[in-house]
Amino acid sequence: MPSPEELREQSRAAITAEVRINPSILAADFVNMEAELARIDRADFVHVDVMDNHFVPNLTFGPQMVARIQATSPVPLDVHLMIDEPERWAPEYAELGAASVTFHLEASTEPIALARRLRAIGSRAGLAVKPATQVEGLFDVLDEFDQILIMTVEPGFGGQSFMPEMMPKLRLLADEARRRGSSVWLQVDGGIGESTIAQAAEAGADTFVAGSAVFGATDPDAAISQLRATAVRHRHGR
């Protein structure tokens, strides 16, 4: 497995990539997690959904499991916290070595202070918004975050259908980020596959969480390459 420093180098390399493909391990075989992670060694990050059965009605991983994933993953971790009290818990995931830690605006009481703390630890700071949450309130604080995650399903479960009605919100945020010269990454999560990644890329996303489209493929590396090529092609068509 790569050393922590090698994972940090991979994370830094992803900063200059035009698009990023982050397979979600919600779609992986949990019993064979190390083997599943080895199947996605050409991904940019592995997306790790942490759910607490409070903020969302599902329970997945905690810090101990994320630490094991960190120790065995061939690519850096993109941790998505769907939990209450992120101010209390999020720094621990950054301290485990996660390259990126994203928490929900709806669960946070001090999002800017938390983002600054995550960055100080050494992680990229991400902010996620549910489908019903508008993004106009984020315009003036884009520089406080490294990534904004637009949920394209309701958070809490894998395998849901992509919500195309989120594309105007994504486009609005992308246009504002471009107008301000912001380098923030715009991530989408939920129902991403060959056809939907095109819609999201056209609307301005550059970072894509894909579950079954990657782990359900016979050749995950080929699936990642195809998704990446489709996203690049449609971003150029904007």
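## A walk from helix 5 outwards

Start by selecting helix 5, residues 111-121, where the buried residues are Pro111, Leu114, Ala115 and Leu118. Look down the helix axis: these four span an arc of only 100°, so they sit on the same side of helix 5. Keep in mind as you go that this is a predicted model.

Now spin to the face turned away from that buried side. Arg116 and Ala120 are the exposed residues there. Going back to the buried side, what lies over it? The cover includes helix 4 (86-95), strand 4 (100-104) and strand 5 (124-129). Before you leave, click on Gly122, which follows helix 5 and has a positive phi, near 125°.

**Into helix 4**

Pick Ala90, which belongs to helix 4. Its relative accessibility is 0%, so Ala90 counts as buried. Show what surrounds Ala90: setting aside neighbours within four places in sequence, the contacts are Leu81, Val101, Leu114 and Leu118. You have already met Leu114 and Leu118 among the buried residues of helix 5. For a sense of scale, draw a line from the C-alpha of Ala90 to that of Ala231: the two atoms are 30 Å apart, with these positions 141 residues apart along the chain.

Just ahead of helix 4, select Glu85, in the loop that comes after strand 3 (77-82). Its phi is near 50°, a positive value in a residue that isn't glycine. Glu85 is partly exposed, at 46% relative accessibility.

**A second positive phi**

Hop to Asn53, in the loop between strand 2 and helix 3. Asn53 is not a glycine either, yet its phi is positive, about 65°. With a relative accessible area of 46%, Asn53 is partly exposed.

Next, display Phe55 and Lys130 together. The charged end of Lys130 sits over the Phe55 ring, 4.4 Å from the ring's centre.

**The aromatic pairs**

How many aromatic pairs does a search of the whole structure find? There are 2. For one of them, select Phe30 and Phe61: the pair is tilted, with 5.3 Å from centre to centre and 55° between the planes. Phe30 is in the loop between strand 1 (20-23) and helix 2 (33-38), while Phe61 is in the loop between strand 2 (46-51) and helix 3 (63-72), so the pair ties together parts 31 residues apart in sequence. Turn on the surface and compare the partners. Phe30 is partly exposed, with a relative accessible area of 41%, whereas Phe61 is buried at 8%.

For another pair, go to Phe45 and Trp185, which meet edge-to-face: 6.0 Å between centres and 65° between planes. This pair links distant parts of the chain, 140 residues apart, with Phe45 in the loop between helix 2 and strand 2 and Trp185 in strand 7 (residues 185-189). Both Phe45 and Trp185 are buried.

**Strand 1 and its partner**

Stay on Trp185 and add Arg20, which lies over the face of the Trp185 ring, 3.6 Å from the ring centre. From Arg20, follow strand 1. Which way do its side chains point? Arg20 and Asn22 go one way, Ile21 and Pro23 the other, and all of them are buried. In general, side chains in a regular strand alternate between the two faces of the sheet.

Bring in strand 8 (residues 207-210), which pairs with strand 1 in the parallel sense over 4 bridges. Opposite Arg20 in strand 8 you'll find Thr207.

**Two buried polar side chains**

Select Gln70, in helix 3. Gln70 is buried, with a relative accessible area of 13%. What does its side chain reach? The backbone oxygen of Gly97, at 3.4 Å.

Last stop: Thr230, in helix 9 (residues 220-236). Is Thr230 buried or exposed? It is buried, with a relative accessible area of 1%. Turn on distances and you can pick out a polar contact between the side chains of Thr230 and Glu194, at 2.4 Å. Leaving out neighbours within four places in sequence, the residues in contact with Thr230 are Glu194, Ile197 and Ala198.

Methods:
Residues numbered from 1 in each chain as written. Predicted model: local features only at pLDDT ≥ 70, side-chain atom pairs only at ≥ 80, totals over all residues. Heavy atoms only, no water. Phe/Tyr/Trp six-rings, centres within 6.5 Å; stacked < 30°, edge-to-face > 60°. Buried < 20%, exposed > 50% of the residue type's maximum accessible area, 1.4 Å probe, protein only. Lys NZ or Arg CZ within 6 Å of the ring centre and 35° of its normal. Polar contact = N/O pair within 3.5 Å; in protein donor to acceptor, adjacent residues only side chain to side chain. Arc of directions from axis to C-beta. Contact = heavy atoms within 4.5 Å. Pairing = 2+ DSSP bridges.
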